[in-house]
Amino acid sequence: MTSAYERRYSHPAEDGRPGVLLFAHLKDVRDRIDMVVPEDTKTPDGMLLSGVIQRLALVHDVGKATTFFQQYIGESPGKPRYEKLRYHAPLGSLAAYYVLDETGHSTATCLAGFVAVAKHHGRLPNVVEYLFNRTARPDPEKWDPVKAQISDIHEHAPKLVTAIFQEATGDADAWQNFAKACVNDESLFTEIADHITTNGERPITDPSFLTDEFYGLLLECWGTLVLADKTSAAGAPQSSTVYDGTTPKTTTLAEYIDEIEDPNANPDGSQTERLNYFRSRARKDVLDSVSVFIESESNVATITLPTGMGKTLTGLNAALEIRDRTDRDRIVYALPFTSIIDQVGAEVQDIFDTDGTDGLLALHHHLSDTRFGYRDSDDDVSDLNDDIAGMLGESWRAGIMVTTFVQLFESLAGPRNTQSMKIPALRESVVVLDEPQSLPLDWWKLVPRLVAVLTEQYDATVISMTATQPELFSDSVSLVSDPEQYFSAAERVRYHLHDSVERFLQGDEQALEYDVAAAEIADVAASGESLLAICNTIDSARKLAEAVTDRIQSVSVAEQYFASLKSGSADPVEDTVRQIIQSPKQAFVHLSTRLRPTDRLALIRIIKKLRSAGYAVTAVTTQLVEAGVDISFENVYRDLAPVDSIVQAAGRCNRSFEHERGDVTVWWLAQPAAQTHTPAVAVYDLQGPSLTPVTAKALDSVRQGQTTLPGKSVARTAVQNYYDRLHTEKNVGKEAYSAYVDTADAESLGRLSLITQTKTVDVLICVTEADHELVSSLETAYEKYEFEEVKRLLTATKPLRVSIPIYRDDSPEADAVTSLRPLADREEESQIRVLSAETRAFENYFDRSTGFVVTDRTVEDRFL
């Protein structure tokens with residue numbers, strides 16, 4: 001090996017680790033590609049994808065061979081003469097195009113490689129604009145830095161780059177030819193520019209390389225390169241075991257389900273027996289349909305089953321069967337809300353007897369600290385350092401990933417650099433979309449386009465699973481042969497249209513006042529029955545909660561929980577349950593996102609335990625309990641909402657057939673004080689397509705003049721009518737979003753979000769001594785500049801944070817949060833404020849029943 005190899009480093013020596021030689025790094029990144037990309041995977045032009053990305057890996061850092069970069073990292077004396085001469089990605093992108101072109105790849109593949117390497121440390125751009133600006137924009141000096149870099153390398157490290165280019169192309173003269181095409185005649189610059197311009201003056205509107213597959217190809221090349229590069233730089237073991245995860249066994253799940261189901265249940269017996277019979281029958285129905293689905297030409301399946309029919313386990317069982325029979329790699333189980341991820345994750349952990357450290361299961365959402373472990377053998381779970389374990393965890397290498405729609409779809413739609421590392425894991429996966437109707441309507445054209453990337457390019461299988469199946473996927477195959485029989489068998493609720501809804505349907509503007517609504521709730525509570533009232537906004541829920549507690553003798557579940565928490569109870573949940581059951585008063589609980597995430601989850605666990613013990617609970621909440629939260633009440637009241645939301649709310653009523661029929665009442669609540677619109681109008685009519693009129697028509701289509709409606713007619717007929725009207729009358733879904741994929745405008749995609757983008761400030765609320773110690777440790781880490789520890793501890797504080805939307809800088813919310821001290825008193829952390837129970841301000845801003853409070857609430861306060 002020549003001295004040129006020894007003098008060129010990709011990474012400097014630091015923290016006691018030796019520097020990494022450039023060629024060694026390039027080959028290490030190249031060698032990791034086969035561990036991530038299946039060996040027979042082809043690009044749209046029929047070439048091996050692994051070969052494409054391996055070539056990109058070999059040249060992506062070739063710009064680091066300059067003396068300018070070596071001086072920058074301190075591996076050569078002196079400082080770079082010009083700052084821009086140390087940047088290595090521009091030269092690497094040209095090399096990427098060249099080596100792919102020289103090895104017979106299509107123009108689309110060459111340009112995808114160009115952009116992937118150019119942005120391997122950044123985010124993907126609007127490709128057409130980026131290529132034009134990089135290659136064709138009139139600027140006689142735009143290539144001068146790259147030409148200077150090539151000349152420098154040719155003078156100081158010719159043997160190294162000759163070897164690199166020969167490794168990438170098989171041609172010993174490749175470097176020489178590349179250098180000439182850039183420096184001597186600029187023919188390579190002209191060739192690339194010709195793909196994107198008309199007469200060299202403006203971008204082509206519809207360049208020929210921009211095929212339907214281009215965005216998916218670019219995304220995969222970029223994401224795979226980023227994953228291999230980052231894991232190489234971090235020193236992750238170079239072993240396919242590290243990237244493969246642990247495969248959960250289908251038989252383990254099947255045996256678990258067999259234990260909790262009664263295959264001999266009598267369909268003509270009690271409600272519970274009927275439920276068990278049809279639940280078992282539904283699972284068999286779905287599994288029997290897997291063969292038909294696999295033999296079909298579709299890669300999208302649907303499971304449409306009512307609440308209580310065991311969709312979660314049935315869907316997971318179907319996903320594992322499909323994985324086994326089609327040789328897929330992993331399961332990605334995506335849900336709409338973080339509030340139900342831990343519930344699903346805990347059940348899966350229990351089923352497969354895993355603690356999440358063995359690569360079998362990982363949970364990934366914005367509150368989680370996702371880690372990855374792997375097995376060296378059947379019995380040995382090997383440790384990875386925190387950086388690598390976190391990196392692989394967020395790269396979704398586990399056998400089952402439980403995550404959110406946000407993490408899944410925002411990682412396909414213009415992802416950030418770190419998000420891109422998930423992309424390789426999606427190839428040949430089985431993706432379960434649980435409750436897809438919860439996706440924002442604006443995304444209803446984009447999601448099918450992204451699913452097409454998954455299924456048509458990444459050979460993934462998608463299962464869409466819900467009781468209220470939206471019409472998102474036109475070529476899907478139903479795994480449920482006859483959904484109607486299950487909806488008939490599981491008809492466990494009846495719907496009542498309140499007088500206020502009758503007024504709404506007739507165009508009367510008189511909504512239901514809160515004192516009247518509270519009186520009705522108090523009457524139900526006095527009868528000894530449980531009740532859940534779901535409101536559309538935080539303000540509405542708080543006003544209804546105040547009105548209810550004024551009318552009933554109640555014990556606050558949340559206040560009792562916080563008392564147990566503050567006292568240092570070893571198990572605050574069990575302690576709270578015990579205290580509530582012993583109280584002669586009625587249990588009352590309020591839930592919204594103004595409570596800390598950790599407290600919301602605890603309160604839901606308490607509700608479940610109280611209800612399992614037969615104890616009546618009165619609950620007033622926002623929509624956060626609407627999908628997937630396994631709690632059951634005898635009565636559910638739902639403020640006017642889209643029909644699918646009403647049916648989802650009904651899923652919290654008589655969930656396990658505790659009674660012959662549960663009662664779901666739909667009413668129309670008035671606006672809280674000083675607000676202009678009712679919560680239903682504010683949430684569902686002012687933020688996009690007006691949905692309350694569509695809801696009214698859908699309900700009117702099945703009521704036939706009645707105010708009490710059968711459960712099935714609402715869950716099936718009204719829901720279908722609602723979705724039909726959404727498509728025909730509202731044409732929901734933004735065409736422009738889907739067009740961004742077609743035009744490879746990743747920059748515009750990256751500006752989209754499944755979550756309404758509003759300025760927010762996180763308030764970190766410390767209640768217990770452990771909370772204070774955590775914040776103290778975090779602030780100490782800041783003081784000592786221990787930034788890896790800061791990152792870890794910041795993640796650990798997420799369950800203690802409440803996000804407060806700030807609509808105006810002069811709003812009461814803004815005044816409240818800015819009066820709190822910033823975390824670590826650091827300007828860069830000003831978006832995180834600390835509220836401590838040890839300060840006098842705590843009582844002013846924290847209510848133990850409703851969470852973070854602002855005395856003068858604003859009209860815009862509409863968040864869950």
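Which helix supplies the largest share of the lining of the largest cavity? Helix 32 does, with 3 residues. The model is a predicted one, in which local features need pLDDT of at least 70 and side-chain atom pairs count only at pLDDT 80 or more, while totals for chains, interfaces and linings use all residues. Residues are numbered from 1 along each chain as its sequence is written, and side-chain values use heavy atoms, with hydrogens and water left out.

We may begin with the enclosed space. Cavities and pockets were located on a 1 Å grid over the protein atoms alone: a cavity is a set of points where a 1.4 Å probe fits but cannot get out, a pocket is an open set with protein on both sides within 12 Å along at least five of seven lines, and lining residues have an atom within 4 Å of a point. Grid points are joined across faces, edges and corners, and a volume is the space filled by probe spheres set on the points. With these settings, the structure holds 2 cavities of 30 Å³ or more. The largest cavity has a volume of about 150 Å³. Its lining comprises 15 residues, of which Pro-306, Phe-487, Ala-490, Arg-492 and Ala-715 are the closest to the centre. At least two lining residues each come from strand 14 (493-497), helix 29 (643-650) and helix 32 (711-730); helices (H or I, at least four residues) and strands (E, at least two) are DSSP runs, numbered from the N terminus. The lining divides into 9 nonpolar, 3 polar and 3 charged residues, where Ala, Val, Leu, Ile, Met, Phe, Trp, Tyr, Cys and Pro count as nonpolar, Asp, Glu, Lys and Arg as charged, and the others, Gly among them, as polar.

Turning to open space, the second largest pocket contains about 1200 Å³. It is lined by 45 residues, and those closest to its centre are Gln-343, Glu-347, Lys-608, Asp-630 and Arg-655. Two or more lining residues are given by each of helix 14 (250-260), helix 15 (271-295), helix 16 (311-326), helix 17 (338-352) and helix 28 (597-612). By class, this pocket lining has 16 nonpolar, 14 polar and 15 charged residues.

Phe-487, met above in the lining of the largest cavity, also takes part in a charge-ring contact: Arg-716 lies over its face, 4.7 Å from the ring centre. Such a contact requires NZ of Lys or CZ of Arg within 6 Å of the ring centre and within 35 degrees of the ring normal. In another contact of this kind, the charged end of Lys-27 sits over the ring of Phe-23, at 4.5 Å from its centre.

Aromatic rings also meet one another. Rings of Phe, Tyr and Trp (its six-membered ring) pair if their centres lie within 6.5 Å; planes under 30 degrees apart count as stacked, over 60 as edge-to-face and the rest as tilted. The count comes to 21 aromatic pairs. Tyr-277 and Phe-278 form an edge-to-face pair because their planes stand at 90°, with ring centres 5.0 Å apart. Tyr-737 and Tyr-740 are stacked instead, at 6.2 Å centre to centre and 25° between the planes. These two tyrosines both lie in helix 33 (residues 735-742), 3 residues apart, about one turn of the helix. Accessibility was classed as buried (under 20% relative accessible area), exposed (over 50%) or partly exposed (in between), with a 1.4 Å probe and protein chains only. Phe-278 is buried at 10%, whereas Tyr-277 is partly exposed at 24%. Likewise, Tyr-737 is buried at 13% and Tyr-740 partly exposed at 22%. Ring pairs further join Tyr-98, Phe-165, Trp-175 and Phe-178 into a cluster.

The backbone deserves a look too. Most residues other than glycine have a negative phi. Glu-435, however, has a positive phi near 65°; this residue lies in the loop between strand 11 (430-434) and helix 21 (446-457) and is buried, at 6%. Tyr-785 likewise has a positive phi, near 60°, and belongs to the loop between helix 35 (769-783) and helix 36 (787-797). In contrast to buried Glu-435, Tyr-785 is exposed, at 57%.

Finally, the search for disulfides, defined as pairs of cysteine sulfur atoms within 2.5 Å, finds 0 in the whole structure. Cys-221 has its nearest cysteine sulfur, that of Cys-110, 11 Å away, and is buried at 0%. Cys-653 is also buried at 0%; its sulfur is 16 Å from the closest cysteine sulfur, in Cys-535, and so too far for a bond.
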